[in-house]
Amino acid sequence: MTIVPLIFTSGLASGINAYAVVLLLGLLGRFGGAESVPAALERTDVLAAAAVLFLLEAVADKIPYVDSVWDGVHTVIRPIAGATVGALLASADPGSLGEVAAGAMGGTTALVSHLVKASLRMAVNTSPEPASNIVVSLAEDLSVAGLVTLAIFHPWVAASISAVLLAVGLLLVWFAISRIRRFRDRRRERRAARAAAVRPAREVPVPRP
């Protein structure tokens, strides 16, 4: 059952950056001798497509508000990618876990981690400066690379770290939700203040000559 922690970790990583997961697994399988990687992920066309999409995400993910739009579009894509990768990993290791169960595990884990990522990014976007987006995005990319690589050679260690990160992420979401609410409240207050300032100015009578 060594494929189970790999599916769990790849699912969690897919919820953060699905294209990086496909690209890394394919490269590790093709050039790193990772026997657990299915041949479908090692194909040249798959690697090329994953590389192009990864570069697009690497740019979009570092621009404030653009990253949230990108996350919104990938609410469906990332879970599907996590489920597909999980099913492919199970197919490469017959008898360890059914493809349907593996797909469900990978897709569910990807969906949860994606929702955590998207929620935290919305909270980061409340900051007026763009540097925090770049730092968070780079940290996510490095985390995905580290977890996927570790999962190939030490799957249970990677799965344990992934579980801890997911739990911490869920905890942070609780704090992020309150921050987002405060941000929206401040915006409403500013709009109400501007409306109140404009209204008296319109009501002041203009003296006749």
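## Burial and surface

Of the 209 residues in this chain, 41% count as buried. Keep in mind that we're looking at a predicted model here. The accessible surface adds up to about 11300 Å², and carbon and sulfur atoms account for 72% of that.

## Fold and overall shape

Helices are what you get here: the secondary structure comes to six helices and zero strands. Reading along the sequence, the pattern is simply α-α-α-α-α-α.

As for dimensions, the C-alpha trace spans about 90 × 30 × 30 Å along its principal axes. The radius of gyration is 22 Å, whereas a compact globule of 209 residues would sit near 17 Å. Now take the contacts between residues at least 6 apart in sequence: 73% of them join residues at least 24 apart.

## His74, tucked into H3

His74 belongs to helix H3, which runs over residues 66-91. Its relative accessible area is 4%, so His74 counts as buried, the cut-off being under 20%. Leaving aside residues up to four places away in sequence, His74 touches Tyr19, Glu57, Pro79 and His114.

## A nonpolar patch on the surface

Over on the surface, Val164, Val168, Leu171, Leu172, Trp174 and Phe175 make up a nonpolar patch. Together these residues offer about 670 Å² of accessible area.

One of them, Leu172, lies in helix H6, covering residues 155-203. Is Leu172 buried, exposed or partly exposed? With a relative accessible area of 42%, Leu172 is partly exposed, because that class falls between the 20% limit for buried and the 50% limit for exposed.

Terms used
Residues are numbered from 1 along each chain as its sequence is written. This is a predicted model: local features need pLDDT of at least 70, side-chain atom pairs count only at pLDDT 80 or more; totals for chains, interfaces and linings use all residues. Side-chain values use heavy atoms; hydrogens and water are left out. Patches are made of residues with over 30% relative accessible area and no salt bridge: like charges are joined within 9 Å, nonpolar side chains (Val, Leu, Ile, Met, Phe, Trp, Tyr) within 5 Å. Accessible areas come from the Shrake-Rupley method with a 1.4 Å probe; for residues, only the protein chains shown count as cover. A salt bridge is a side-chain nitrogen of Lys or Arg within 4 Å of a carboxyl oxygen of Asp or Glu. Helices (H or I, at least four residues) and strands (E, at least two) are DSSP runs, numbered from the N terminus. Buried means under 20% relative accessible area, exposed over 50%, partly exposed in between (1.4 Å probe, protein chains only). Contact means heavy atoms within 4.5 Å. The radius of gyration is taken over C-alpha atoms; the globule rule is 2.2 Å times the number of residues to the power 0.38.
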